[in-house]
Each structure stands twice: as structure tokens, then as C-alpha cells.
There are 4 protein chains.
Amino acid sequence: MFDRRQGKLSRSLRARLTRVNLFLCDVDGVLTDGTVWMGNGVETKRFHIRDGLGLRLLQRQGIKVGWISRRASSATTQRAEDLKIDFLHQTDANKVAAVESILGRTGLQWAEVCYVGDDIVDLGALKRAGVAVAVGDGLLEARKAAHYVTKARGGHGAIREVAELILKAQNKWRPLVDEYSS
Amino acid sequence: MFDRRQGKLSRSLRARLTRVNLFLCDVDGVLTDGTVWMGNGVETKRFHIRDGLGLRLLQRQGIKVGWISRRASSATTQRAEDLKIDFLHQTDANKVAAVESILGRTGLQWAEVCYVGDDIVDLGALKRAGVAVAVGDGLLEARKAAHYVTKARGGHGAIREVAELILKAQNKWRPLVDEYSS
Amino acid sequence: MFDRRQGKLSRSLRARLTRVNLFLCDVDGVLTDGTVWMGNGVETKRFHIRDGLGLRLLQRQGIKVGWISRRASSATTQRAEDLKIDFLHQTDANKVAAVESILGRTGLQWAEVCYVGDDIVDLGALKRAGVAVAVGDGLLEARKAAHYVTKARGGHGAIREVAELILKAQNKWRPLVDEYSS
Amino acid sequence: MFDRRQGKLSRSLRARLTRVNLFLCDVDGVLTDGTVWMGNGVETKRFHIRDGLGLRLLQRQGIKVGWISRRASSATTQRAEDLKIDFLHQTDANKVAAVESILGRTGLQWAEVCYVGDDIVDLGALKRAGVAVAVGDGLLEARKAAHYVTKARGGHGAIREVAELILKAQNKWRPLVDEYSS
């Protein structure tokens, strides 16, 4: 999934990617493969390390990161703290309202938002975001509403794929590779 | 798996789907991929969030939901409480008897039942249900007994696929998409 | 994996299957997909419910079941107790010796043993068993030593596949299906 | 993945493999599939038993084994102790520095190191190792820097595949098979 040639992106999508200053995404089905483990009263979720490194690289380049879920879960909170995510919303309120509250606090615009989702509850945010992304195994309706559909499935590197798209469009990827190669 | 065109369903199956008022399913291999995690004396199971949302959407449209397993598991109980499932049977008794006990309490008929199963223990219920569904990776005998075999495997969205089939056949899906898109 | 037509089995293999009175298998990579979860000092393994039902059906038909692992694990013990497995060996001793100890206690012969393995530590038992089976994703050397290689991978129904092969060869499968279908 | 014919390896790679005396690898995405489970404040990882046996076989043949991660995790420590790994580095320091500290303690050279990685943080070590290996699902940049890319994905036997390559190149595999077959 990491072989995608940026050259295949449309000029329009690349222009949108260069404007991204805020990276927001859903949690279940996007940062995870949509599954939860239950046992002994505990809920456990699976996250991908390469997604986490992608988000850290975005933050190092000045792009804020936030997660928006309609389902409160201590597993999500644990991972968000692990990665020092800037914004975490886990309420059953409307996702559009959650994004707008973050925009209010940061002074940013919808056009600067990249939003990644997978299901019908993400449709409102996808319709407004500067870059709307659906994961490859997302609902048909989510994929139809997206500017970009990831090659990777949710929880299997979809977030890393989008993070690299943004960093490459903003010419911030090559310097990172050079730094780690030395 | 969410791309299936309802137009491909037979007229007969669509007629059956319109009559569904009770959604019942097996747990292991249907709501899960058939695996259980064991360690430290605890049994853990993996459930899919999109299945959960599918069941919640059915309930919002007035369709009752029940799970019928022959194997008692606190992991199943935990997930059932999480989703506020209407009926939960986890006894080694006959599955047909379990369904009939629910029919007795609700005053519904077998013709109004959609039942989803995967293994030989589900055969009796599959032979009686108005809509009998087997998951895509179910036992050959279960698939032979079904009106519909899901594209998705158990635990990977099979239940969501059936929930959408019912909602679409009953003309309840489009309004939900419109609500979330606004 | 449940579609295999028994008719494709060689006459020789079918004859071997009819003689099976003792079903023995390795644990990691056979009853599981070969992975273990580690965290908080606990080791967790994933087992498949359909494998478990297959073993229970064998036992109901009078075939004893045993597991032989060279790696002690409380997760394995937990699952063995859950399924009421007849013999459980978890010592670093030779697997051939472990099988022979079971043969001594039961008065059975190697020709009556079906043994399922996946790695080089299983080679000695595979070379002696009446029916030697390797899982589909087992080591090349294990597959070469086997009379039968499963379509299913370890932990994904391989044991169920072998259980059905035995039950079908012994004409015990159809009555079970009929019983559950009524 | 265990079917690879060594005959297909280039003469140059085989020569490199014969010189390996130290086996080093990254953890997340290499010994695991890159995912972590989070819940109840505990982090859990999944390891493959066949990888573990591969490492033990290397050690039995006199090759030291070490793991180098930039992310401290008690799950990794638990598995390292389980397998009696010779060197374990889990600090955010440079990976090249971590390898050189091991070289200093053992008196070995980079040319004797086989290093397996998957992401940009491994690039420095991959550029220096006598045998640089990337897992099959590793980052494009890691695969480009490698002498060998595994058929198996990380956490699905990639380490076992490399261990067998080394043992076969050093003529140590066949005696092990013969020992277990007797």
C-alpha cells in the first residue's frame, strides 16, 4: 500500500492536500479494523504502529491531529494519550459539531481539514472537509463522498497512507527519509 | 461487501425481507469470526462495530434483535449489554426452542424472523425462518439451507450486510443516509 | 474449506481414516494460527469454535482426543478444560514419547492415530501416525511427511476439516447433520 | 512462504548469509504485524510461535539474537524473556547507535549482522548491515534498502523465513530436520 505513486493524484487533490493544517479522523474502522475485543468487562482495540508514526510525523511538521468518535472507549483514550493526540472527541454528539468546535479553538477553516471516515456517521464531516478520505473498506456511501479512497483498509495502514500523501504533497516527506537514512 | 446491488436479489427474497420484524442470529462465527481468545482464565471475543451499528439501526426502525448461542460466555453478554440487544439466549438447549420462546413472548411468527447462522447447530432454525441467512464462510450444510449467503464472512460485516438488506427492502435505508449526510 | 468432496480422497487415505480411534494434534499453529498475545505478563491464544465443535463431535462418536505441545501454556490448559480434552501433554519432552505414553494408557496402536502438526518438532509423530496431517500453512517438511494437507490454515478450521474427514469416512457425519436439522 | 527455493538466491546474497553471526531485528511490524492491542491500560502484542522457534534454532547454532525497538513496551520485554533473547534495546535513541553498542560488546562487525526492519526508522541500520532484510509489507523505502525482501509479512513468519535462509546458507538446516524426524 506504500507503493502508490503520487503522480497519479489529480492536480485538484494535490492542491487540496497542500492546504491541510488539521488532520481529523474517526476511530473505529479507520484507526482500527472496526473490531473490538470484549472480555472480563474490558474493551480492547487494535491500533497500527505505522499509523501512529504517520501521525507523529504530521505533528512534527506542524499539522494538528484530532480523533472524533461517537462511542466513548477507554481503549481509544489510552491510544490517544500514547500518541499525544491534540484533540479527542468521544461523545454521541454530531460529528460536524465536534469538528466545528475544534475549528473554533484553532481558528482554522474546513478547507484546511483532512477528514478520514468509514461509515454513515461520517458523511456530514466528509461533505465539508477540504480533503475528504474514506478507507478502502468503508461503506459505499462514505467512499462516494470522498476525494480519495485509501488503498489500505482501516486499521491496516490507511491513516499512514493519508499522512504520507499530505507530507509528500507538502514536500515534507523526502527530508524525513533523508534524516532517518543517515 | 457493501457494494451489493439490491436489484440482484430475487423478487421472492425481497418479499421475504419486507416481512421481517425480528432479527435473530447465532454469535460465534456470525457476530464473530468464530474465534475466542483465552488467557488468564478469561475468554475474549472480537465483535465488529459496523455490525453493531447495523443492529442499532434495525432497532431504531422497530425491528427487535436477539442472539442465540448454545455456549454461555460473559464476553457475549458484555457485547449484548453494550448494544442493548432485546433477547439473549445462551443455553445448550435446542435453538429452535429458544426462537419459539421469543416468538411466544412477542406474538410474532417464524415468517417474520430473519435468522443468521453458520454451523450445523443452526440448521433447525434456518429451515424454519422466513429469511434464512448463512455467513459466507459458513458450513456447506448451513449455506445450502439458506435463502441468502452473505458476501462478508462472519465477524467481518456479515450482520451489517443483512441489516442493510432488510432496511433497503423495507425502504428505511435511504432516510438514514440522508439524515447522517446533513 | 468445508466444500471438499470426500470422493477426491484416495482409497488408501479413506481406509486409513476408517481405522482412526485416537485424534492427536499439536497446539500452536494447528489449533491456533501460530500466534500468541503477550501483555501484562499474561499469554493469550486464539482458538476456533468450529474446531472445538469438531472435536466434541469426534468424542461423541467414541474417538478420544489429545493435544501435544512442547511449550507449556495456561491458555492451552484453559481451552483444553473448556473442551474436556481427554489427553493433554505440555512438556518439552519428545513428542513421539508423549504419543507412546498415550498409546500405552489406551492400548491403542500408531495405526489408529490421526496426528495433525505443522512444524519440524512434529516430524517424528507424523512419520509414525496412521493418518499424518499437516495444516495448509505448515512447514514444507511437515507437509511432505503428511498423508493429507488441509485446505484450511491452522487456527482457521484445519482441525474441523480433519474431524469431518474422519466422521465422513466412518459414516458418522450424515446422522449428525440429520439430528441437528430436525 | 516456507517453499522458497534457496537456489533462487543470488550468489552474492548467499555469501553474505554465510557470514552472519548476529541476528538483529526491529519489533513492531517485523516480529509483529505492526498492531498493538490497548485496553484497561495494558498494551498487548501478537508474536508468532514459528518465528520464536526460528530464533531458538539460530541461537542453538551459535548465532546471537537481539531486538531493537524505539518504543518501550512491557509486551516486548515479556516475549524477549520468554525466548531468552540475547540483546534487547528499547530506547528512543538512534538504532544505529544501538547496534554499534552491541557490536562493541560482542566484538563483531556490521558485515556479520543480519538486520530485519520495516519502516523509515530502520533505514540507517539497513544501510550498514551485512544482510539487510525488509519484511514483505514494509515501507517502500525499507524494501529498496534491503538485500532481501521476505515473502512473508511481518508477524506472519517473516523472521522464521530469514532464520531458515541463514541456517540453510550455513548448512545447518538439514541436520536439524533430520534430528526432529527421527
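Strand 3 of chain A and strand 2 (residues 35-39) of chain D run antiparallel and are joined by 4 bridges. This is a predicted model, and the briefing below walks through how chain A and chain D meet. Together the two chains bury about 2,400 Å² between them, with 26 residues from chain A and 30 residues from chain D taking part in the contact.

**The strand pairing**
- A good place to start looking is K45(A), whose bridge partner in strand 2 of chain D is M38(D).
- The strand of chain A in this pairing, strand 3, spans 42-48.

**Salt bridges and polar contacts**
- Between chain A and chain D there are 4 salt bridges.
- One of the salt bridges links D82(A) to R71(D), and their closest N and O atoms are 3.1 Å apart.
- Polar contacts across the interface of chain A and chain D come to 14 residue pairs, with both residues at pLDDT 80 or more.

**What chain A brings to the interface**
- On the side of chain A that touches chain D, at least two residues each come from strand 3 (42-48), helix 2 (49-60), helix 3 (74-83), helix 7 (158-169) and helix 8 (173-181).
- Strand 3 gives the most to that side of chain A, with 7 residues.
- By residue type, the side of chain A that touches chain D holds 11 nonpolar, 9 charged and 6 polar residues.

**The buried area**
- Of the area that chain A and chain D bury between them, 54% lies on carbon and sulfur atoms.

Conventions: Residues numbered from 1 in each chain as written. Chains lettered and ligands numbered in written order. Predicted model: local features only at pLDDT ≥ 70, side-chain atom pairs only at ≥ 80, totals over all residues. Heavy atoms only, no water. Contact = heavy atoms within 4.5 Å. Buried area = accessible area lost by both parts, 1.4 Å probe. Salt bridge = Lys/Arg side-chain N within 4 Å of Asp/Glu carboxyl O. Polar contact = N/O pair within 3.5 Å; in protein donor to acceptor, adjacent residues only side chain to side chain. Nonpolar A, V, L, I, M, F, W, Y, C, P; charged D, E, K, R; others polar. Pairing = 2+ DSSP bridges.
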